[in-house]
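Student: I would like a close look at a single part of this structure, namely its buried interior and the contacts made there. Please take me through it step by step.

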Amino acid sequence: MFAADAFLPNLFDSPLPTRAQDGLTLTLSVLIESLPFVALGVVLSIAVQVWVPAHVIEKVLPKRAWPRRMVLAALGMLIPVCECGNVPFARGLMMRGLTPGDTLAFLVAAPIVNPIVIVTTHQAFGMDGGILLMRILGGYGIALLIGWVFSLHPEPDVLLTERFRIACDDAQDAHGSKFRRSLAQFVVELRAVMPALIVGSAVAGAVQVLIPRSALVAIGSDPVLSIVAMMLLAVTVAICSNVDSFFALSFASTFTTGSIVAFLLTGPIVDVKMIALMRTTFTAKTIAVLVAIVLMAAFTIGAVANLVV
């Protein structure tokens with residue numbers, strides 16, 4: 001913000017202290033909004049890792065690749081956790097032996113198809129314009145696409161960070177009572193996720209005060225630029241997927257339907273906070289490929305929506 005004031009002094013209407021306070025407020029709001037879901041995700045992760053026998057997971061999931069990924073992507077409908085809590089839960093699934101490709105199918109779909117998101121999206125938009133249906137089907141389709149793409153990798157372990165691979169080995173070798181293992185795993189997960197969550201929240205807060213909102217609204221009526229603008233907004237504002245529909249609703253009168261759909265598909269998967277959280281588990285190259293697929297798929301769905309609606 002100091003650099004922006006020094007080189008572009010006329011870019012912002014409000015003074016630097018006001019924008020600094022806004023950035024801090026936005027950072028704290030994203031962090032506080034995310035914390036309960038992160039805690040719930042960690043608890044669910046521990047339940048999977050420690051308390052649920054491995055044979056139960058193997059018995060429930062189909063053996064064939066495509067049906068297994070379809071079930072995992074639909075699993076989000078049963079788990080009322082936004083994207084922040086899904087990362088620790090996904091880590092728990094991989095520690096129990098699921099492949100990165102299968103786990104990514106769940107991780108991408110769950111923030112969009114979970115019950116709270118479906119309810120809040122319906123409350124915001126109802127069934128008008130097909131936004132709810134396009135969000136659910138689009139998110140589910142993107143999840144299956146990503147799961148399939150990463151399942152083709154000949155060395156799945158290369159998709160994961162070395163630190164997470166070590167954590168998986170440690171979890172399999174853990175001994176002691178289930179309560180001791182649960183406590184130890186709770187500390188491990190919080191130490192892995194919380195720094196990333198804080199950094200991601202700070203970046204989200206800073207970006208929101210550095211990008212003039214008026215610049216985005218000015219291009220809201222263009223069928224192509226509106227999609228790009230709303231996708232950029234989705235990546236930067238980092239709003240929890242459980243409530244992002246109401247934020248998007250405020251743009252519905254000025255932006256195209258396709259751009260709203262693209263916003264609702266992009267934000268829950270690849271906003272700056274989610275990227276920071278995924279970096280605790282997946283390599284930078286893996287995340288780059290995932291982000292590229294999501295952005296291209298969301299743009300395509302948004303463009304089709306603009307043509308048919």
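Tutor: Contact here means heavy atoms within 4.5 Å. The model is predicted, and every value below is computed from it.

By that cut-off, Leu290 touches Leu104, Val108, Ile146, Phe150, Ile269, Val270 and Met278, leaving aside residues up to four places away in sequence. Leu290 is one of the residues with the most contacts inside the largest nonpolar core, alongside Ile146, Ile260 and Phe263. That core has 69 residues. Helix α8, residues 131-151, gives the most to this core, with 9 residues. As a general background, nonpolar side chains tend to be buried together in soluble globular proteins.

The next element to consider is helix α6, which covers residues 100-113. Of its 14 residues, 14 are buried, so α6 is largely enclosed by the rest of the structure. Its length can be checked as well: at 1.5 Å a residue, the 14 residues of α6 should span 20 Å, and the end C-alpha atoms are 20 Å apart, which agrees.

Helix α6 also carries a charged residue, Asp102. Which residues are linked with Asp102 in a network of salt bridges? The partners are Arg68 and Arg69, and the structure holds 2 salt bridges. In the pair formed by Arg68 and Asp102, the closest N and O atoms are 2.6 Å apart. Because Arg68 lies in helix α4 (residues 65-74) and Asp102 in helix α6, this pair ties together parts that are 34 residues apart in sequence. In the salt bridge between Asp102 and Arg69, the closest N and O atoms are 3.9 Å apart. This pair likewise links distant parts of the chain, with Asp102 in helix α6 and Arg69 in helix α4, 33 residues apart.

Are these charged residues buried or exposed? Arg68 and Asp102 are both buried. Buried means under 20% relative accessible area, so Asp102, at 3% relative accessibility, counts as buried. Arg69 counts as buried too, because its relative accessibility is 3%.

A further buried polar residue is Ser245, whose relative accessible area is 0%. Ser245 is placed in helix α13, residues 244-249. Its side chain makes a polar contact of 3.2 Å with the side chain of Arg135, and a polar contact of 2.9 Å joins the side chains of Ser245 and Thr121. Arg135 and Thr121 are among the residues that Ser245 touches; the others are Thr120, Ala124, Phe125 and Leu264, not counting residues up to four places away in sequence. Finally, Ser245 and Ile118 are 127 residues apart in sequence, while their C-alpha atoms are 9.6 Å apart in space.

Key:
Residues numbered from 1 in each chain as written. Predicted model: local features only at pLDDT ≥ 70, side-chain atom pairs only at ≥ 80, totals over all residues. Heavy atoms only, no water. Salt bridge = Lys/Arg side-chain N within 4 Å of Asp/Glu carboxyl O. Helix = DSSP H or I, 4+ residues; strand = E, 2+ residues; numbered from the N terminus. Buried < 20%, exposed > 50% of the residue type's maximum accessible area, 1.4 Å probe, protein only. Expected span 1.5 Å × (residues − 1). Polar contact = N/O pair within 3.5 Å; in protein donor to acceptor, adjacent residues only side chain to side chain. Core = buried A, V, L, I, M, F, W, Y, C linked by side-chain atoms within 4.5 Å.
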